[in-house]
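This report describes one protein chain, moving from a single residue to its surrounding elements and then to the chain as a whole. Please consult the sequence and the structure below while reading.

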Amino acid sequence: MKGFHERNVALKCSSKTAIDSSPSPGTGSEPGPSDSKFSKTSVWSNFFASAFSIFDTYSESSACVKKASRGKNNWWTAAVKRVVSGCSMRRIHERVLGPSKIGISSSTSDIWLLGVCYRIMQESSGDVDSTNELTAFKRDFSSRILITYRKGFRAIGETKITSDVSWGCMLRSSQMLVAQALLFHRLGRSWRKPLQKFGDSEASAFSIHNLVQAGKIYGLAAGSWVGPYAMCRSWESLARCKREENDLEQQLLPMAVYVVSGDEDGERGGAPVVCIEDASRHCFEFSRCQADWTPILLLVPLVLGLDKVNPRYIPSLQATFTFPQCLGILGGKPGTSAYIVGVQEEIVFFLDPHEVQPVVNLSQENLEADTSSYHCDIIRHIPLGSIDPSLAIGFLCRDKDDFDDFCSRASKLADESNGAPLFTVAQTRSFFKLISHGDALADTGKVRENDSFGVVPMGDVDVSSHEDDWQLL
């Protein structure tokens with residue numbers, strides 16, 4: 001119970017949300033979206049995360065410790081057992097943080113699912129095309145890979161943790177996004193079989209075991225919650241490790257990984273900048289100096305407000321789902337993470353990792369494994385304005401032309417953002433430093449635009465007036 005007491009003391013004394021909190025000493029943490037405002041829902045989420053984490057630790061402790069504390073703590077562990085056995089983690093989160101809705105809303109507006117538009121019309125119209133579009137959307141949604149909490153896998157590293165229940169939802173959400181990138185790149189949009197690379201063992205390249213190991217430098221640890229920025233950096237680190245272990249022709253993640261940040265790696269705050277020069281360098285390094293361009297995975301961590309998303313960013317978030325390169329969003333409600341894959345007006349559709357399921361052996365030797373649990377036909381949605389402001393957006397650019405198209409769309413989106421861009425585009429790092437610091441604006445009020453991509457000019461934007469909406473990444 002000592003750990004539980006320490007965590008609750010930390011909760012009372014801290015003004016941070018539970019999104020990026022770290023319950024154990026020596027585990028790093030990153031700034032969350034509510035550094036200056038206490039979040040009630042995050043407190044409840046952290047309460048349950050603490051409770052279940054303590055239960056896991058207690059159940060795996062040595063026999064002598066059990067005997068010494070059995071009488072004192074038996075009532076607590078028994079209560080937790082009843083909660084865990086009586087309902088799923090999803091139901092617990094929904095009871096505390098509010099439920100998500102199931103199915104498709106009655107709206108007849110278009111649905112955008114990872115860059116594909118489905119035109120939905122009123123059912124009463126009897127339009128065959130509309131019915132077909134709705135069916136196609138449901139089929140497309142159910143084809144997305146679902147990766148949820150698992151129990152019963154081999155212990156992670158030197159710990160005794162054999163389940164990621166209550167702490168692994170951000171890792172699972174990120175696995176879904178990267179799995180989607182691999183599907184788009186290699187197998188096509190509708191391929192349903194989950195990839196062996198995402199099994200729950202060290203033998204699987206992109207397992208939760210290997211993610212935790214690669215992300216230690218960013219505060220990733222088994223049993224601890226992690227935020228979107230640290231998650232993106234952990235994938236960058238894991239991809240680098242796997243690239244060094246294999247020949248170019250046998251890359252497990254056949255694409256460069258670029259975590260988009262602002263000036264000085266985001267330490268000065270402000271909107272992240274997609275630097276074309278940096279993207280080219282990442283591709284060149286990935287190809288081991290053999291190609292000027294390769295497929296590239298862009299991960300853009302953002303903090304779009306304090307305790308909720310600033311409404312000024314909502315239109316831009318909606319628009320990202322219309323990009324052909326869109327891989328969705330790592331986000332969710334405060335204290336929980338989900339994989340957001342689509343949007344319809346003010347609601348977003350998502351895949352929820354908060355279902356606890358037994359581990360599945362996805363090794364090459366077990367080709368007959370039951371993989372039905374890696375897909376979901378239940379369509380869930382929540383209001384876009386209710387998602388946590390700490391999130392990350394993913395994009396996959398298959399080649400140089402695809403990247404050029406992405407930059408063109410991103411620059412246009414920034415132009416139309418009314419001074420609140422999610423991110424901007426610049427040709428070189430020195431160029432966006434000028435934008436960030438305003439050095440080039442002092443005399444003329446203008447900056448040089450990139451000829452190819454129409455990089456958003458910042459002369460008409462009051463950067464300082466919106467800086468408070470951003471947290472340091």
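## Asp200 and its surroundings

In this predicted model, Asp200 has a relative accessible area of 7% and is therefore buried, the limit for that class being under 20%. The residue is placed in the loop between α6 and α7, the latter covering residues 208–214.

The side chain of Asp200 forms a polar contact of 2.8 Å with the side chain of Arg172. Arg172 also appears in the list of residues that Asp200 touches once residues up to four places away in sequence are set aside. The others in that list are Arg150, Phe153, Ser207, Ile208, His209, Val359 and Tyr374.

## Helix α6

Helix α6 comprises residues 169–187. Does its length match or depart from the expected span of 27 Å? With 19 residues at 1.5 Å a residue, a span of 27 Å is expected, and the C-alpha atoms at its ends lie 26 Å apart, so the two values agree.

The helix is mostly covered, since 16 of its 19 residues are buried.

## Strand β9 and its partners

Strand β9 consists of residues 338–344. Because 7 of its 7 residues are buried, the strand is largely enclosed by the rest of the structure. Which strands pair with β9? They include β2, spanning residues 111–113 and joined to β9 by 2 antiparallel bridges; β8, spanning residues 326–331 and joined by 3 antiparallel bridges; and β10, spanning residues 347–351 and paired in the antiparallel sense over 5 bridges.

Individual bridge partners locate these pairings in the sequence. Trp112 is matched with Val343 of β9, while Gly331 has Ala338 of β9 as its bridge partner. On the β10 side, Gln344 stands opposite Ile347.

Two hairpins involve β9. In the hairpin formed by β8 and β9, 6 residues lie between the strands, and Gly332 in the turn has a positive phi of about 150 degrees. The hairpin of β9 and β10 has 2 residues between its strands, and here Glu345 adopts a positive phi near 55 degrees.

## Strand β5

Strand β5, residues 256–259, is covered on both faces. Ala256 and Tyr258 are buried on one side, and Val257 and Val259 are buried on the other.

β5 pairs with β7, residues 296–303, in the parallel sense over 4 bridges. Within this pairing, Ala256 has Ile296 of β7 as its bridge partner.

## Cysteines and disulfides

How many disulfides does the structure hold? The number is 0. A disulfide is a covalent bond between the sulfur atoms of two cysteines.

Two cysteines may be described by their accessibility. Cys117 has a relative accessibility of 19% and so counts as buried, falling under the 20% limit. Cys241 has a relative accessible area of 34%, which means that this residue is partly exposed, between the limits of 20% and 50%.

## The chain as a whole

The chain contains 14 helices and 14 strands. Of its 473 residues, 55% count as buried. Its accessible surface comes to about 20,900 Å², and carbon and sulfur atoms account for 51% of that area.

Contacts between residues at least 6 apart in sequence were also examined by separation: 72% of them join residues at least 24 apart.

Key: Residues are numbered from 1 along each chain as its sequence is written. This is a predicted model: local features need pLDDT of at least 70, side-chain atom pairs count only at pLDDT 80 or more; totals for chains, interfaces and linings use all residues. Side-chain values use heavy atoms; hydrogens and water are left out. The expected span of a helix is 1.5 Å times one less than its number of residues. Buried means under 20% relative accessible area, exposed over 50%, partly exposed in between (1.4 Å probe, protein chains only). A disulfide is a pair of cysteine sulfur atoms within 2.5 Å. Two strands pair if DSSP finds at least two bridges between them. A polar contact is a pair of N or O atoms within 3.5 Å; within protein, one must be able to donate a hydrogen and the other to accept it, and residues adjacent in sequence count only if both atoms are side-chain atoms. Contact means heavy atoms within 4.5 Å. Accessible areas come from the Shrake-Rupley method with a 1.4 Å probe; for residues, only the protein chains shown count as cover.
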